[in-house]
Amino acid sequence: MTSWLQSLPHQIPFRAASSARRIDQNTIEGTYLCSAGDALSGVQPMPMMLIEAMAQLGGGLVFGESAAPGFLSAIDEARIQSPPEVGDALLLRVHLEAQFGGIFRFQGEARRQGLEIASAKFYLAGAPTQREAAPSSDEAC
Amino acid sequence: MSNESTLRRKLKELLIERLKFEDLTPDDIGDDEPLFQGGLGLDSIDALEIVVMLESEFGIKVKNENSARDSFRTIATLADLVAQKTAVEQPQEQH
């Protein structure tokens, strides 16, 4: 694996994050670039894409080296104070809070120029992985 | 109220709070009512929340899914686990 981006469960055109960088064993950061093409409805980008991007980053963190798929199982306490706008470069930070068996609980947040604009708790389900063997920090765009 | 009853009620209150059963009261949950299959109908995500609750409230770390399957069966079995683990970690003073 040459990049944490390659560890994400979705790739172009379904990958939401434009960069990914592991901070430590339980934390990963990424960037969500909001382009005009994200405004699928013709009005404005979908705010839920931020949560999807967080979930993809979490999937890269815990399932990165596993061939087994992971699934977004639940979203809780999602708050979007300000929807993404075309031209945004949002910093996403996802932290693995807890794991039991194949269930993983994360806390994610999105920031625009340092200000938090969205946060959510979410769960991924999949086979337990040997996360100690995860690759070292890497970044790509 | 005995220590056992107090512990069971405390666990019911914690489950209601952590799992956001806003329509339930501790009296609605039977001590021997199944928590997962049937009964309250909890799922694997709820099991993770119970694991987190046990660690934060009682300092009990549960890592083995198989042993958890038995201990998480009912409020009574969950209380037994807490009583057993906390007794081991806090041995009685010898006089």
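In which strand of chain A is A:Glu77 found? The points below take up this question and then turn to other parts of the structure, which is a predicted model.

1. A:Glu77 belongs to strand E3 of chain A, which covers residues 71–80. The backbone of A:Glu77 deserves a second look, since its phi is near 55°, a positive value in a residue other than glycine. As for its surroundings, A:Glu77 has a relative accessibility of 35% and therefore counts as partly exposed, the class that lies between buried, under 20%, and exposed, over 50%.

2. A second residue with a positive phi is A:Gln113, where the angle is about 50° although the residue is not a glycine. A:Gln113 is found in a loop of chain A, between strand E5 (103–112) and strand E6 (115–125). With a relative accessible area of 81%, A:Gln113 is exposed, because the cut-off for that class is over 50%.

3. Helix H2 of chain A takes in residues 48–63, a run of 16 residues. At 1.5 Å a residue, this helix should span 22 Å, and its end C-alpha atoms are indeed 22 Å apart, so expectation and model agree. H2(A) is mostly covered, as 13 of its 16 residues are buried. A general point helps in viewing any such element: an α-helix has 3.6 residues a turn, so residues three or four places apart point the same way.

4. Chain B contains four helices and zero strands. Read from the N terminus, its elements follow the order α-α-α-α. The radius of gyration of chain B is 13 Å, close to the 12 Å that the globule rule gives for 95 residues, so chain B is as compact as a globular protein of that length. Along the principal axes, the C-alpha trace of chain B spans about 45 × 30 × 20 Å.

5. How much of chain B counts as buried? Of its 95 residues, the share is 39%. The contacts within chain B may be considered alongside this: among those between residues at least 6 apart in sequence, 54% join residues at least 24 apart.

6. The surface and charges of chain B complete the note. Chain B exposes about 6000 Å², and carbon and sulfur atoms supply 43% of that area. The chain carries 11 positive and 20 negative charges, and the mean positions of these two groups are 5 Å apart.

Notes
Residues numbered from 1 in each chain as written. Chains lettered and ligands numbered in written order. Predicted model: local features only at pLDDT ≥ 70, side-chain atom pairs only at ≥ 80, totals over all residues. Heavy atoms only, no water. Helix = DSSP H or I, 4+ residues; strand = E, 2+ residues; numbered from the N terminus. Rg over C-alpha atoms; globule rule 2.2 N^0.38 Å. Buried < 20%, exposed > 50% of the residue type's maximum accessible area, 1.4 Å probe, protein only. Contact = heavy atoms within 4.5 Å. Areas by Shrake-Rupley, 256 points an atom, 1.4 Å probe, with all protein chains shown as cover. Lys, Arg positive; Asp, Glu negative; His and termini not counted. Charge placed at Lys NZ, Arg CZ, Asp CG, Glu CD. Expected span 1.5 Å × (residues − 1).
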